[in-house]
Amino acid sequence: MGPSGCGKTTLLRIVGGFIEPTGGIVRLGNQIYSGEGHMVPVEQRDLGMVFQSFALWPHMTVRQHVEFPLKSPRHRAMSPAEKKEAVDKAISCTGLEPYENRLPGELSGGQRQRVALARAIVGKPSILLMDEPLSALDAELKIEMRREIQNIHKLTGATILYVTHDQSEALAMADRIIIMKDGAIEQVGTPREIYMDPQTVFAATFVSRCNLLKGQWHGDAFQMAGEPLQLRNPMIPPEFRSRGLYPVRPEQLVIRRAGEGIPGIIANKQYNGREIHYSVQYGDELFTVYAGCAAEYNPGDHVSLTLTA
């Protein structure tokens, strides 16, 4: 994951064999796909691909789409009965049985995405490449399709290399996340590691919102500039220390009417059902706070912010 232009899709296309890398090696197990003078053609790589645009042919039915990959030379050893069984299974596990004779124009966005998934998994590839496959869907459908993709992952056992700029999508679905910036890797880790222990300022602010308190570090102790607030944390990474910053997630801040803490003014609030998202003005800075609905504050209220333990 990473912002637009950071190299996510380029990396995916290198793995897929659409682009030859200028350096390095792409290897699946012991087989070199790209590098050291090798460049295995796309059709000979053991992978499936799901595109952002679905890439469906308007004149072909759902079944015909799913059958299409099995016509490649790589599957010539499969008998007609084996191919039919593979197609039936791919259609079944994506819930497309009622629609297998329909054309793409007769399907909803979610159903078209399922066709693209079924077509990608029918050949049982070792790797599935997905390039922002849910970006064209509405919010509710995105959540439903996330579950579909996770189920397909369990059913097929394939490694899924999934490109997205949506941090909530990455945190919800991934076993491991690579954060990219300007063509380089910023951090690699599990969703929990990426969220709870960001190693760089970019990783902290790109993955969900992170407030950066400004001040000075003295060993493991942090003194916030202009405030009596002192914090101690030996686990804060070196980049934050060198820049005089202390990262705080929105749910780690507590709003009170008054008392000791960071003084601020409620600038904005957004009701989200289970919680309220506040923007709190502190000087020239705007802190984000996620708070419960038990106490409610309104724009213009003077408040005090403290940190949870």
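These exercises work through sheets, burial and aromatic contacts in a predicted model.

**Exercise 1. Find the strand order of the five-stranded open sheet, and say which strands stand at its edges.**

Solution.
- Step 1: Read the order. The 5 strands run E13-E17-E14-E15-E16, with antiparallel pairing.
- Step 2: Look at the ends. Strand E13 (253-256) and strand E16 (285-291) each have a single partner strand, so one side of each is left without a neighbour in the sheet.
- Step 3: Add the twist. Neighbouring strands of this sheet are turned by 45 degrees against each other on average, direction ignored.

**Exercise 2. Place histidine 277: which strand holds it, and is it buried or exposed?**

Solution.
- Step 1: Locate the residue. Histidine 277 sits in strand E15.
- Step 2: Follow the pairing. Strand E15 (residues 276-282) is joined to E16 by 7 bridges, and the two run antiparallel. In E16, tyrosine 290 is the bridge partner of histidine 277.
- Step 3: Test burial. The cut-off for buried is under 20% relative accessible area. Histidine 277 has 18%, so histidine 277 is buried.
- Step 4: List the surroundings. Leaving aside residues up to four places away in sequence, histidine 277 touches Asn268, Lys269, Gln270, Asn272, Val289 and Tyr290. The side chain of histidine 277 also makes a polar contact of 2.8 Å with that of glutamate 275.

**Exercise 3. Classify the ring pair of tryptophan 217 and phenylalanine 222, then that of tyrosine 282 and phenylalanine 287.**

Solution.
- Step 1: Choose the descriptors. Two values describe a pair of aromatic rings: the distance of the centres and the angle of the planes.
- Step 2: Count the pairs. The model has 7 aromatic pairs.
- Step 3: Take the pair of tryptophan 217 and phenylalanine 222. The centres are 5.4 Å apart and the planes stand at 55 degrees, so this pair is tilted. Tryptophan 217 is buried at 14% relative accessibility, and phenylalanine 222 is buried at 1%.
- Step 4: Take tyrosine 282 and phenylalanine 287. Their centres are 5.7 Å apart, with 15 degrees between the planes, and the pair is stacked. Both residues are buried.

**Exercise 4. Identify the charged partner over tryptophan 217, and trace the cluster around this ring.**

Solution.
- Step 1: Find the charge. The charged end of arginine 241 sits over the ring of tryptophan 217, 4.7 Å from its centre. Elsewhere, arginine 249 lies over the face of tyrosine 195, at 4.2 Å from the ring centre.
- Step 2: Build the cluster. Trp217, Phe222 and Tyr246 form one aromatic cluster.
- Step 3: Move to Tyr246. In strand E12 (residues 245-248), Leu245 and Pro247 are buried on one side, Tyr246 and Val248 on the other.
- Step 4: Connect the strands. Strand E9 (residues 211-218) pairs with E12 in the antiparallel sense over 4 bridges. Leucine 213 has tyrosine 246 as its bridge partner in E12.

**Exercise 5. Describe the three-stranded sheet and the helix that lies across it.**

Solution.
- Step 1: Read the order. This open sheet runs E4-E5-E6, with parallel pairing.
- Step 2: Name the edges. Strand E4 (47-50) and strand E6 (159-163) each pair on one side only.
- Step 3: Note the twist. From one strand to the next, the twist averages 15 degrees.
- Step 4: Check one pairing. Strand E5 (residues 127-131) and E6 are joined by 5 bridges and run parallel. Aspartate 131 has valine 163 as its bridge partner in E6.
- Step 5: Lay on the helix. Helix H1 (residues 8-16) lies across E4, E5 and E6, at about 150 degrees to E5.

Note on methods
Residues are numbered from 1 along each chain as its sequence is written. This is a predicted model: local features need pLDDT of at least 70, side-chain atom pairs count only at pLDDT 80 or more; totals for chains, interfaces and linings use all residues. Side-chain values use heavy atoms; hydrogens and water are left out. Two strands pair if DSSP finds at least two bridges between them. Axes are lines fitted to C-alpha atoms, for helices over the stretch in contact, and angles run from 0 to 180 degrees between N-to-C directions. Buried means under 20% relative accessible area, exposed over 50%, partly exposed in between (1.4 Å probe, protein chains only). A polar contact is a pair of N or O atoms within 3.5 Å; within protein, one must be able to donate a hydrogen and the other to accept it, and residues adjacent in sequence count only if both atoms are side-chain atoms. Contact means heavy atoms within 4.5 Å. Rings of Phe, Tyr and Trp (its six-membered ring) pair if their centres lie within 6.5 Å; planes under 30 degrees apart count as stacked, over 60 as edge-to-face and the rest as tilted. A charge sits over a ring if NZ of Lys or CZ of Arg is within 6 Å of the ring centre and within 35 degrees of the ring normal.
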